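Here are a few exercises to work through with the model open in your viewer. Try each one yourself before peeking at the solution.

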Amino acid sequence: MFDLIIRNANLPDGRSGIDIAIANGEIAEVASRIEAEAGEEIDATGRLVSPPFVDPHFHMDATLSLGLPRMNRSGTLLEGIALWGELRPILTREALVERALRYCDLAVSQGLLAIRSHVDTSDPRLVTAEALIEVREKVAPYIDLQLVAFPQDGYYRSPGGVDALNRALDMGLDIVGGIPHFERTMADGAASVAALCRIAADRGLPVDMHCDETDDPMSRHIETLAAETVRFGLQGRVAGSHLTSMHSMDNYYVSKLIPLMTEAQINVIPNPLINIMLQGRHDTYPKRRGMTRVRELMEAGLNVSFGHDCVMDPWYSMGSGDMLEVGHMAVHVAQMAGIEDKKKIFDALTVNSAKTMGLEGYGLEKGGNADLVILQARDPVEALRLKANRLTVIRRGKVIARSAPRIAELNLDGRPATVDGAAYAPIVPGA
Ligand SMILES: [Zn+2]
């Protein structure tokens, strides 16, 4: 007797007609026909059942603050940072907690059950860290929330930046952040990378830096980050977020850089929505796309996972907590439109991100956490195309969100009475 059985599921790896049995919050069995009873059964009717979406790069202290205290007029990264600097002194713990919890509600409705958030440590009050630690506890039953100590105004550049970041880690933030391209000089940026990797090694923590988030082809902080990762023996525990400069770098140099990143096992986190919106702003025409070299990094064997980065904040006025929207943009900006390409993009929103975050018990295997999402789509390729509706979201075996299928009623003579967008999947030979 199981607690729950999901019947007739399609899995992301292509298996179909699969039953998933759940007991005590864990996946007890995955098989083509489970002959057993359960307290509850859900018929997936041949739809995709995926492990939950995972966002490895977000800013939960800024989300849903759009319009406070004013809008970003130029739409640039630098005005966004300046605007955030205006808002930061008037932030309260209560308002931060309320906005973050509202965002987590939205995330759950989108099947997004693990988030790594950067937390700005530039205000010495550290009200952001206090608030997000409270949120991490409150949402723990339904979202795995990791917190990065992030010196938005620069580790060295901002007076008190060194002290505040260390105090935030003492308070219990999980990961060491950084922003080397925002330091005053390339040398200061490199020094900050070395100092922050040393802190991570001393404290036994992972590293996740905003790194080379510029269009400067000469920005070299990812090289330093990879080299320091190897020097401190942090292989596999370091993430390079954005890496947009790699888009503009000299090809010969990149042919030397990528093997170094591979040696350091850097987790690469592009943020397609934000990168396409904020990069190339100094270009006239042609304008660069600015996202890092996703295909080449994947082909080199690096773990690439996509972040949402921002939802309705000083940097980005759009966003809806939908990681499929992130993947949809990635397909376009990386020009990865082949069937195998799209499967890799879907993995970058799920299994790869879980690896970046070091999540335990993630995935649809026996013994794993019973965390999963039933989508209104047949497979990962269709899920991306449709930004598919999340019909059922399950955490530790319990349904925590449900949506009605998105089906339109038609009123046309001689045409069908209803339209289900997910019924338009093409017949692809060999797919
Ligand atoms: Zn960011």
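**Exercise 1.** Which elements do the buried residues of α3 pack against?

*Solution.* Keep in mind that this is a predicted model. Start by finding the helix: α3 covers residues 127-139, which makes 13 residues. Next, check how straight it runs from end to end: its first and last C-alpha atoms are 18 Å apart, close to the 18 Å expected at 1.5 Å a residue. Now pick out the buried positions, meaning those with 20 or more other C-beta atoms within 10 Å of their own. In α3 these are T128, A129, A131, L132, I133, V135, R136 and V139. Finally, look at their partners: two helices, α2 (93-109) and α4 (161-171), plus two strands, β7 (112-120) and β8 (144-150).

**Exercise 2.** Describe the stretch that UniProt marks as a domain.

*Solution.* The unreviewed UniProt entry puts "domain: Amidohydrolase" at residues 40-400. Over that range, helix makes up 41% of the chain and strand 16%. Then compare the two ends: their C-alpha atoms sit 14 Å apart.

**Exercise 3.** Work out how compact the whole protein is.

*Solution.* First, take stock of the secondary structure: 14 helices and 18 strands. The radius of gyration is 22 Å, close to the 22 Å the globule rule gives for 431 residues, so the protein is as compact as a globular protein of that length. For its extents, the C-alpha trace spans about 65 × 45 × 45 Å along the principal axes. Burial comes next: 52% of the 431 residues count as buried. Last, the contacts: among those with a separation of 6 or more, 74% link residues 24 or more positions apart.

Note on methods:
Residues numbered from 1 in each chain as written. Predicted model: local features only at pLDDT ≥ 70, side-chain atom pairs only at ≥ 80, totals over all residues. UniProt positions renumbered as here; feature names shortened; annotations may be inferred. Helix = DSSP H or I, 4+ residues; strand = E, 2+ residues; numbered from the N terminus. Expected span 1.5 Å × (residues − 1). Buried ≥ 20, exposed ≤ 12 C-beta atoms within 10 Å, placed from the backbone. Contact = placed C-beta atoms within 7 Å. Rg over C-alpha atoms; globule rule 2.2 N^0.38 Å.
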